[in-house]
Amino acid sequence: MQIAANKAVSIDYTLTNDAGEVIDSSAGGAPLVYLHGSGNIISGLEKALEGKQGGDEVKVAIEPQDAYGEYSPELVATLNRAMFEGVDELEVGMQFHASGPDGGMQIVTIRDVEGDDVIVDGNHPLAGQRLNFEVKIVDVREASEEEIAHGHVHGEGGHQH
């Protein structure tokens, strides 16, 4: 069966940056299971897997615009420490939910702490990077009506309710 919209797909993968450093991998764990065509994985990888089938192996480089987008300097802001009420110790790398410029929620990461100034970054940590994937398609199956309605795979390796 070929990968297409509304198919439940299981993949083993390794993600590296251009320097060859492993960013993420399913090695040693269960395959990643997702519902194809529902935006569960980055668009560039979805396009690269379209039409493939169980047993196929794919090596692909995904450009930022088809991954987590270009890095946007306007998503970096300096906030006063008082904005983090109830958090005693602020450390670089901590993440918080914040209101985004469009009014929606976004995750921001503390990039630096300088006295009472806290520099936060609303970019995804992989924004602006080319992502290199090595993928092996483990399985492709029909998704259930419930999985399609919910927009994700249920059961082993997928979302549990």
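Read along the sequence, the chain runs β-β-β-α-β-β-β-β-β-β-α. That amounts to 2 helices and 9 strands. The model is a predicted one. Its protein chain holds 161 residues, and 34% of them are buried. Along the principal axes, the C-alpha atoms fill a box of roughly 55 × 35 × 30 Å.

**Domains**

The chain is divided into two domains. Domain 1 takes in 1–66 + 128–148. Domain 2 covers 71–119. Taken over C-alpha atoms, the centres of domain 1 and domain 2 are 31 Å apart.

**The nonpolar core**

Which elements give two or more residues to the largest nonpolar core? The core has 19 residues, and the elements in question are β1, α1 (43–49), β4 (57–62) and β9. Strand β9 gives the most, with 5 residues. Within the core, L49, F133, V135 and I137 touch the most other members. Residue L49 falls within the bounds of α1, 43–49. F133, V135 and I137 fall within those of β9, 131–142.

**Two pockets**

The table sets out the two pockets by volume, lining and leading contributor.

| Pocket | Volume | Lining residues | Leading element |
|---|---|---|---|
| Largest pocket | about 280 Å³ | 17 residues | β6, 4 residues |
| Second largest pocket | about 230 Å³ | 14 residues | β1, 3 residues |

Take the largest pocket. L79, A98, S99, V108 and V120 are the lining residues closest to its centre. Two or more residues of its lining come from each of β5, β6 and β7 (105–114). Strand β6 has the largest share. By class, the lining has 11 nonpolar, 5 polar and 1 charged residues.

Now the second largest pocket. Here D24, L32, I41, Y68 and F133 lie nearest the centre. The strands β1 (7–16), β3 (32–35) and β9 (131–142) each supply at least two lining residues. Strand β1 gives the most. The class count is 12 nonpolar, 1 polar and 1 charged residues.

Some names recur. F133 lies nearest the centre of the second largest pocket, along with four other residues. F133 also belongs to the group that touches the most other members of the largest nonpolar core. Strands β1 and β9 both line this pocket, and both give two or more residues to the core.

**One aromatic pair**

How many aromatic pairs does a search of the whole structure find? The search finds 1. The partners are F84 and F96, with 5.1 Å from centre to centre and 65° between the planes. The pair counts as edge-to-face because the angle is over 60 degrees. F84 sits in the loop between β5 (76–80) and β6 (95–99), while F96 is in strand β6. The two residues are 12 residues apart, and the pair links distant parts of the chain.

Is F84 buried or exposed? F84 has a relative accessible area of 9%, so F84 is buried, the limit being under 20%. Strand β6, which holds F96, is also the strand that gives the largest share of the lining of the largest pocket.

**Residues in loops and before β1**

K52 is found in the loop between α1 and β4. Its C-alpha atom is 5.4 Å from that of I3, although K52 and I3 are 49 residues apart along the chain. The relative accessible area of K52 is 28%, so K52 is partly exposed.

Y71 has its place in the loop between β4 and β5. From Y71 to L126 is 8.6 Å, C-alpha to C-alpha, across 55 residues of sequence. Y71 is partly exposed, with a relative accessible area of 36%.

N6 lies in the segment before β1. What is the phi of N6? The angle is near 65°, a positive value in a residue other than glycine. Most residues other than glycine have a negative phi. N6 has 32% relative accessibility, and therefore counts as partly exposed.

Key. Residues are numbered from 1 along each chain as its sequence is written. This is a predicted model: local features need pLDDT of at least 70, side-chain atom pairs count only at pLDDT 80 or more; totals for chains, interfaces and linings use all residues. Side-chain values use heavy atoms; hydrogens and water are left out. Domain bounds come from an automatic or database domain assignment. Rings of Phe, Tyr and Trp (its six-membered ring) pair if their centres lie within 6.5 Å; planes under 30 degrees apart count as stacked, over 60 as edge-to-face and the rest as tilted. Buried means under 20% relative accessible area, exposed over 50%, partly exposed in between (1.4 Å probe, protein chains only). On a 1 Å grid over the protein atoms alone, a cavity is a set of points where a 1.4 Å probe fits but cannot get out, and a pocket is an open set with protein on both sides within 12 Å along at least five of seven lines; lining residues have an atom within 4 Å of a point. Grid points are joined across faces, edges and corners, and a volume is the space filled by probe spheres set on the points. Ala, Val, Leu, Ile, Met, Phe, Trp, Tyr, Cys and Pro count as nonpolar, Asp, Glu, Lys and Arg as charged, and the others, Gly among them, as polar. A nonpolar core is a set of buried Ala, Val, Leu, Ile, Met, Phe, Trp, Tyr and Cys residues joined through side-chain atoms within 4.5 Å.
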